[in-house]
Amino acid sequence: TGDGVVVGVVDDGLEWTHPDINENYDPFASHDFIHYDSDPSPDAPDDSSSEPNSHGTSCAGEIAMVKNSRCGVGVAYNSKVASLKFDVGSATDSQEASALGYKNDYIMIYSNSWGPSDFGFIIDGPGYYTKSTLSSGVTSVSCTQIIVNIFILRHLSLYIV
């Protein structure tokens with residue numbers, strides 16, 4: 001059920017007021033790395049022809065949608081979900097590293113369901129700071145703490161670091 005687990009969704013934000021998510025939303029573990037504040041709500045699209053920024057909300061719902069009489073339930077419906085919001089298309093190495101290492105003494109799983117806009121034909125890999133953060137998450141945790149970073153690149157492959 002996910003009871004006692006905190007999952008950080010690293011994506012384009014989270015509509016944390018949504019009735020299927022609000023009960024399991026963890027504001028303490030959430031942060032907006034675009035505006036550098038504590039409200040990770042998705043930004044409106046730049047123009048009317050763009051899709052709304054809702055991918056992070058969808059991912060969070062698949063994880064922690066509360067068990068209620070509405071349309072579904074998350075796979076870990078008793079877990080807490082945090083939003084680590086950044087601009088997937090233009091994030092800097094520093095922003096990626098900050099999101100992937102944010103409150104790593106509290107967040108247990110980081111869900112990363114994003115990838116390159118070229119559908120993976122060119123993948124340059126993580127930058128220096130992101131590599132360092134991922135390495136630190138693997139090598140410097142205590143025996144009672146496990147940090148898992150899950151990467152789903154365009155929903156084609158699953159990588160667990």
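Begin by selecting Asn 112, whose side chain reaches the backbone oxygen of Tyr 110 at 3.2 Å. The model on screen is a predicted one, and every distance or angle on this tour should be read with that in mind. Asn 112 belongs to strand S4, which covers residues 109–112, and because its relative accessibility is 0%, Asn 112 counts as buried.

**The salt bridges around Lys 85**

Next, select Lys 85 together with Asp 32 and display the side chains. How many salt bridges does the structure hold? There are two, and in one of them the side chains of Asp 32 and Lys 85 meet, with an N to O distance of 3.2 Å. Asp 32 lies in strand S2 (residues 31–32) and Lys 85 in strand S3 (residues 80–85), so this pair ties together parts that are 53 residues apart in sequence. Both Asp 32 and Lys 85 are buried.

Keep Lys 85 selected and add Asp 43, which forms a salt bridge with Lys 85 in which the closest N and O atoms are 2.9 Å apart. This pair, too, links distant parts of the chain, since Asp 43 sits in the loop between S2 and helix H1 (55–64) while Lys 85 is in strand S3, 42 residues apart. Is Asp 43 buried, partly exposed or exposed? With a relative accessible area of 28%, Asp 43 is partly exposed, whereas Lys 85, at 1% relative accessibility, counts as buried. Through salt bridges that share partners, Asp 32, Asp 43 and Lys 85 are joined into one network.

**Helix H1 and what covers it**

Now select helix H1. Seven of its ten residues are buried, so H1 is largely enclosed by the rest of the structure. The buried residues to colour are Gly 56, Thr 57, Cys 59, Ala 60, Gly 61, Ile 63 and Ala 64. If strand S1 (6–11) is shown along with S3 and S4, part of what covers these buried residues of H1 comes into view.

**Two residues with positive phi**

Return to the loop between S2 and H1, where Tyr 36 is found. Most residues other than glycine have a negative phi, yet the next two selections depart from that pattern. Tyr 36 has a positive phi of about 55 degrees although it is not a glycine, and at 54% relative accessibility Tyr 36 counts as exposed. Then move to the loop between helix H2 (93–101) and S4 and select Lys 103, a residue other than glycine whose phi is positive and near 45 degrees. Lys 103 is partly exposed, with a relative accessible area of 23%.

**The nonpolar cores**

For the last stop, select Val 10, Phe 33, Leu 84, Phe 86, Ala 99 and Ile 107, which touch the most other members among the 15 residues of the largest nonpolar core. The elements that give two or more residues to this core are S1, S3 and H2. Which residues are in contact with Ala 99, once its neighbours within four places in sequence are left aside? They are Val 10, Phe 33, Leu 84, Phe 86 and Tyr 110, the last of these being the residue whose backbone oxygen the side chain of Asn 112 reaches.

Apart from this core lies another, of ten residues, and a selection of some of its members can include Val 7, Val 9, Tyr 25 and Ala 64. Ala 64 has already appeared on the tour as one of the buried residues of H1.

How values were computed. Residues are numbered from 1 along each chain as its sequence is written. This is a predicted model: local features need pLDDT of at least 70, side-chain atom pairs count only at pLDDT 80 or more; totals for chains, interfaces and linings use all residues. Side-chain values use heavy atoms; hydrogens and water are left out. Helices (H or I, at least four residues) and strands (E, at least two) are DSSP runs, numbered from the N terminus. Buried means under 20% relative accessible area, exposed over 50%, partly exposed in between (1.4 Å probe, protein chains only). A polar contact is a pair of N or O atoms within 3.5 Å; within protein, one must be able to donate a hydrogen and the other to accept it, and residues adjacent in sequence count only if both atoms are side-chain atoms. A salt bridge is a side-chain nitrogen of Lys or Arg within 4 Å of a carboxyl oxygen of Asp or Glu. Contact means heavy atoms within 4.5 Å. A nonpolar core is a set of buried Ala, Val, Leu, Ile, Met, Phe, Trp, Tyr and Cys residues joined through side-chain atoms within 4.5 Å.
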